[in-house]
Amino acid sequence: MSNKKDTVFSRQLPAIQGFEFNAQVADVFENMIHRSVPGYDLLLNMIAVLSQKYALPGTRCYDLGCSLGASTLQIRRNVPSDCVVVGVDSSAAMVTRCRQNMMRDHSQANVEILEQDLLQTEITNASVVVMNFTLQFVADTERQQTLCRIAEGLVPGGILILAEKVKLEDTAVNQRMIELHQDFKKLKGYSDLEIAQKRASLEDVLVPNTITEHRQRMFSAGFGTVELFVRCLNFVAFLAIKS
Ligand SMILES: C[S@@+](CC[C@H](N)C(=O)[O-])C[C@H]1O[C@@H](n2cnc3c(N)ncnc32)[C@H](O)[C@@H]1O
């Protein structure tokens, strides 16, 4: 993957458009996500660990909203060789680059990268499903149904790894976490202008839920266990296990 520097919001833009996963973003996405999401590398490591533990021979493993395939690769490298790994993304720019990244990887498990809205993805015989910062971009009205379809498509004992930016219920704490996240981005070299313009662009596009909402939705979907296993500021990851 390329580590070309993200400068998408570095110049004053005449108007702020809603954020899109277009070619300009796809070209710098690896750099963008590393500099924007605290704990991203830890999550990739945990996706590897959890795939090793929970992926079952002869099943399918899904990475919904796979972008360039960083999580897909962690899954593919850590599952039995007769698993089929399915990466799904609705952005053509991401899918093109993801397929190239998969071709450079020589793990044994078969991989398919689908250009598709994940709302249309058929999930069957799955032992591992990953949504690494994707559900937050799905319309809020579609999220419960999406979680239900994932739970239905999982085999008993199968898992969902759900990582999301969240809104904290205490507004003062939420504000503190947002400010600390901005400090994190400054530490990673983003300017105040870049931070402000990206934030405006993501408004109404990335719509966070609370931890309680996520938990309730996963239990309603039929998961027997829901554990928050990683948190840094307002970024969290849950491990949900189907009974
Ligand atoms: C923050 S990125 C995910 C990062 C990636 N999972 C990783 O681990 O590096 C969100 C991705 O979800 C994709 N996406 C958003 N809504 C989608 C949808 N309805 N169906 C499929 N992909 C979607 C975007 O195109 C984008 O590539």
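**Exercise 1.** Which residue in β3 is the bridge partner of Val88? Place the two strands concerned and trace the connection between them.

*Solution.* The model is a predicted one. Begin with the pair itself: Val88 has Leu114 of β3 as its bridge partner. Next, take the strands as a whole: β2, residues 84–89, and β3 are joined by six bridges and run parallel. Last, follow the chain: from β2 it passes through helix α4, residues 92–103, to reach β3, and this β-α-β crossover is right-handed.

**Exercise 2.** Determine the strand order of the sheet and explain why β3 and β6 each have one side without a neighbour.

*Solution.* First, write down the order: the seven strands of this open sheet run β3-β2-β1-β4-β5-β7-β6, and the pairing is mixed. Then consider the ends: β3 (110–115) and β6 (223–232) stand at the edges with a single partner strand each, so one side of each has no neighbour in the sheet. Finally, add the geometry: from one strand to the next, the twist averages 15°.

**Exercise 3.** Describe how β4 pairs with β5, and identify the strands that helix α8 touches.

*Solution.* Strand β4 covers residues 126–132 and strand β5 residues 154–165; the two run parallel and six bridges join them. Within this pairing, Val128 has Ile159 in β5 as its bridge partner. Helix α8, residues 211–221, packs on the sheet and touches β5, β6 and β7 (235–242). The direction of α8 makes about 155° with that of β6.

**Exercise 4.** Characterise the shell around the ligand by its residues, elements and classes.

*Solution.* Count first: 20 residues surround the ligand, and the closest are Phe21, Gly65, Ser91, Leu118 and Asn132. Then assign elements: α3 (70–76) and β2 are the ones that give two or more residues to the shell. Sorted by class, the shell has 11 nonpolar, seven polar and two charged residues.

**Exercise 5.** Test whether the overall dimensions agree or disagree with those of a compact globule.

*Solution.* The protein has eight helices and seven strands. For 243 residues, a compact globule would have a radius of gyration near 18 Å; the protein has 17 Å, which agrees. Along the principal axes, its C-alpha atoms fill a box of roughly 50 × 40 × 30 Å.

Terms used
Residues numbered from 1 in each chain as written. Predicted model: local features only at pLDDT ≥ 70, side-chain atom pairs only at ≥ 80, totals over all residues. Pairing = 2+ DSSP bridges. Helix = DSSP H or I, 4+ residues; strand = E, 2+ residues; numbered from the N terminus. Axes fitted to C-alpha atoms, helices over the stretch in contact; angles between N-to-C directions. Contact = placed C-beta atoms within 7 Å. Right-handed = clockwise from strand over helix to strand, strands pointing away. Near = placed C-beta within 6 Å. Nonpolar A, V, L, I, M, F, W, Y, C, P; charged D, E, K, R; others polar. Rg over C-alpha atoms; globule rule 2.2 N^0.38 Å.
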